[in-house]
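The following exercises ask you to read a structure from the whole chain down to a single strand. Work through each task before you turn to its solution.

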Amino acid sequence: MESALSSCLGDTLRRRTLLGAAAAAVTLTLSDAGAAHAQPGRCPAPARYLGMFRPGDPGAVATEVESLYDVTPASVMWFDNWASGLAFPVAEARALWRRGIMPHYTWEPWNTALGPGDPGQIHLRDIIDGAWDGYIRARAGEFAAVRRPVLVRWGHEFNGNWYPWGIANNDADPSLYVRAYRHVHDVAVAAGARNVQWVWAFNNGSSPDEAYNDPAAAYPGDRYVDWVGIDGYNWGFGPSWDPAGDHWASFDATFAAAYARARAIAPRRPVMLGEFASTEDGGDKAQWLRDMDATLRSGAYPDLRLLTYFDVIKEEPWAPGSSPAALAAFTAWTQQRYMRGRGHELARVAADYARSRPA
């Protein structure tokens with residue numbers, strides 16, 4: 001017999017199929033997201049998975065998360081840039097898997113010492129022209145050596161203007177991003193990295209907000225994407241980029257439209273939050289987290305399966321421990337039954353979607 005959850009998600013999928021994949025899908029999916037909030041409890045919450053980013057060695061981060069929050073994350077994320085020349089840490093990735101944690105590698109094609117427009121910077125045409133193929137093949141061999149699934153989030157937030165791979169910094173031409181993404185994927189797979197689950201991740205808002213910067217125009221296609229990622233933050237009052245502005249936004253205000261966009265672009269792929277967090281400035285962070293928990297428990301955002309929290313004091317006090325109240329709310333959320341999934345379960349999610357939602 002079907003479980004209540006599988007039946008509910010099956011109904012959702014059939015409804016989306018009947019509605020079709022036309023351009024109107026964006027509006028329809030927005031309505032669907034709203035319906036999930038209008039009828040809380042109608043569907044049980046699907047299993048969600050906790051991802052964590054903290055600066056430092058991935059294995060040490062996993063231990064810190066367990067100590068600080070009394071939870072073992074389903075995944076641990078870290079960053080590396082192409083100009084570093086560093087090898088992918090195979091031994092550490094294997095060690096994470098021995099603890100039931102899926103490695104999540106954000107792979108940034110740039111030189112962090114140079115500005116986005118610097119002539120010596122890495123740009124999409126360099127990648128397309130094969131200038132980095134040797135580097136890609138070397139990392140791909142290391143991915144393959146893990147012999148377990150690895151999430152690779154390449155060229156994230158491409159619809160922003162702050163990274164050199166951003167569409168705005170590459171002739172405002174989304175086809176260049178698509179070609180570069182596919183090139184990296186194909187070179188890596190040809191080199192043996194068939195264990196990689198590829199994450200295509202956009203920012204929850206485009207900057208600039210122009211037609212060419214619509215994430216849909218930069219989608220490489222289901223053949224190249226296993227997960228659709230969204231990055232977004234509750235920036236609160238007076239962020240560095242707008243010191244006098246009030247940008248406090250609820251979880252729904254931060255992600256509902258972007259989630260609907262993700263479902264319209266790639267309805268046969270699961271969704272993750274590749275990065276998310278709330279500040280303390282301008283509102284009640286603990287309540288923000290409690291409201292998020294209630295929303296997720298209601299069954300809303302049914303295809304949102306992995307949430308990677310940005311546990312760091314950086315532009316804002318993102319870290320869960322920024323206040324005792326926020327820490328208590330974060331810990332309570334991570335202890336919810338629907339958030340207790342482990343890495344081996346997370347690793348099966350993308351394949352389950354591919355099987356159950358054929359083209």
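**Exercise 1: the chain as a whole**

Task: determine what share of the 359 residues of the chain counts as buried.

Solution. Of the 359 residues, 53% count as buried, where buried means under 20% relative accessible area, exposed over 50%, and partly exposed in between, with a 1.4 Å probe and protein chains only. The model is predicted, so that local features need pLDDT of at least 70 and side-chain atom pairs count only at pLDDT 80 or more, whereas totals for chains, interfaces and linings use all residues. Residues are numbered from 1 along each chain as its sequence is written, and side-chain values use heavy atoms, with hydrogens and water left out. The secondary structure comprises eleven helices and ten strands, taken as DSSP runs (helices H or I, at least four residues; strands E, at least two) that are numbered from the N terminus.

**Exercise 2: the setting of strand E10**

Task: establish which strands pair with E10, and why E10 is largely enclosed.

Solution. Begin with strand E1 (residues 49–53), which pairs with E10 in the parallel sense over five bridges; two strands pair if DSSP finds at least two bridges between them. Within this pairing, Gly51 has Thr308 of E10 as its bridge partner. Next, strand E9 (residues 271–278) pairs with E10, also in the parallel sense, over four bridges, and Leu273 stands opposite Leu307 in E10. Finally, because seven of the seven residues of E10 (residues 304–310) are buried, this strand is largely enclosed by the rest of the structure.
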